[in-house]
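Hi,

Here is the structure I promised to pass on to you. Have a look at it first, and then read on for what turned up in it.

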Amino acid sequence: MLQRITAYLLIVALVSANFSRFFIYAGFELNRNYIATKLCENRNKPQLHCNGKCYFMKKLKQAEENKSTEERQAQKNLFQEAFYNQANKVTFYNVLLSVTKVPNHRIALPQQIRDIYQPPRLA
């Protein structure tokens, strides 16, 4: 039972994070009259026909900025420093390179001189 509740909570958390723009849009559509009359920056200028769209765009921009800052913070949290606490062993070898014999497989080119092909001439 506890596992099922935990699974549902995780699903809701993932959906709410991925559909934040949808929730903002739904909230704007449900409260359009209130936003247009009380929260709109251009409520005193009815000739612009803003109807709260400025507030809606501001909220979308704010949500995008929050998402980008969360992503940057997650990137910072992924960074880890490694500390290696063993003495380094440096070994020097007297022979650095060993010469190996490579078999000599050369391609035998023909020794005959042949005429170079020439295309037919137009008369």
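Of the contacts in the chain between residues at least 6 apart in sequence, 32% join residues at least 24 apart. Please keep in mind that this is a predicted model, so every value below is computed from predicted coordinates.

Now for the overall layout. The chain has 4 helices and 0 strands, and from the N terminus on its elements run α-α-α-α. Of the 123 residues, 7% are buried. The accessible surface of the chain comes to about 13200 Å², and carbon and sulfur atoms account for 58% of that surface.

A good place to start looking is the surface. Which residues make the nonpolar patch there? They are Y8, I11, V15, F19, F22 and F23, and the patch they make covers about 630 Å². Two elements give two or more residues to this patch, namely α1 (2–18) and α2 (20–30). The largest share, 3 residues, comes from α1.

Two of the patch residues are worth a second look, as F22 and F23 also form an aromatic pair. The count of aromatic pairs comes to 3. In the pair of F22 and F23, the rings are 6.0 Å apart from centre to centre, with 55° between the planes, and the pair is classed as tilted. F23 is found in helix α2. How do these two differ in exposure? F22 has a relative accessible area of 51%, so it counts as exposed. F23, at 45%, counts as partly exposed, because it does not pass the 50% cut-off for exposed residues. Elsewhere, ring pairs link Y25, F28 and F56 into a cluster.

Next come the charged residues. Side chains of opposite charge can pair when their charged atoms come close. How many salt bridges are there? The count comes to 3, and you can find each of them in the viewer.

- E64 pairs with R21, and their closest N and O atoms are 3.9 Å apart. E64 lies in helix α4 (residues 53–78) and R21 in helix α2, so this pair ties together parts that are 43 residues apart in sequence. With 38% relative accessibility, E64 counts as partly exposed.
- E41 pairs with K58, with 2.6 Å between the closest N and O atoms. This pair also links distant parts of the chain, since E41 is in the loop between α3 (32–39) and α4 while K58 is in helix α4, 17 residues away. E41 is exposed, with a relative accessible area of 51%, whereas K58 is partly exposed at 44%.
- R32 pairs with E29, and here the closest N and O atoms are 2.8 Å apart. Both ends count as partly exposed: R32 has 30% relative accessibility and E29 has 34%.

The cysteines raise a question of their own. How many disulfides does the structure hold? The answer is 0. C40 is in no disulfide, and the nearest cysteine sulfur, that of C54, is 3.4 Å away. C50 is in no disulfide either, with the sulfur of C54 as its nearest cysteine sulfur at 3.3 Å. Why do these distances not count? A disulfide needs two cysteine sulfur atoms within 2.5 Å, so neither distance qualifies. As for exposure, C40 is buried at 3% relative accessibility, and C50 is buried too, with a relative accessible area of 11%.

One last residue to click on is N51. Where does N51 sit? Its place is in the loop between α3 and α4. Its phi is near 55°, a positive value in a residue other than glycine. At 44% relative accessibility, N51 counts as partly exposed.

If you would like a route through the model, begin with the patch made by residues including Y8 and F19, go on to the salt bridge of E64 and R21, and finish at the buried C40.

Happy exploring, and best wishes!

How values were computed:
Residues are numbered from 1 along each chain as its sequence is written. This is a predicted model: local features need pLDDT of at least 70, side-chain atom pairs count only at pLDDT 80 or more; totals for chains, interfaces and linings use all residues. Side-chain values use heavy atoms; hydrogens and water are left out. Patches are made of residues with over 30% relative accessible area and no salt bridge: like charges are joined within 9 Å, nonpolar side chains (Val, Leu, Ile, Met, Phe, Trp, Tyr) within 5 Å. Accessible areas come from the Shrake-Rupley method with a 1.4 Å probe; for residues, only the protein chains shown count as cover. A salt bridge is a side-chain nitrogen of Lys or Arg within 4 Å of a carboxyl oxygen of Asp or Glu. Rings of Phe, Tyr and Trp (its six-membered ring) pair if their centres lie within 6.5 Å; planes under 30 degrees apart count as stacked, over 60 as edge-to-face and the rest as tilted. Buried means under 20% relative accessible area, exposed over 50%, partly exposed in between (1.4 Å probe, protein chains only). Contact means heavy atoms within 4.5 Å.
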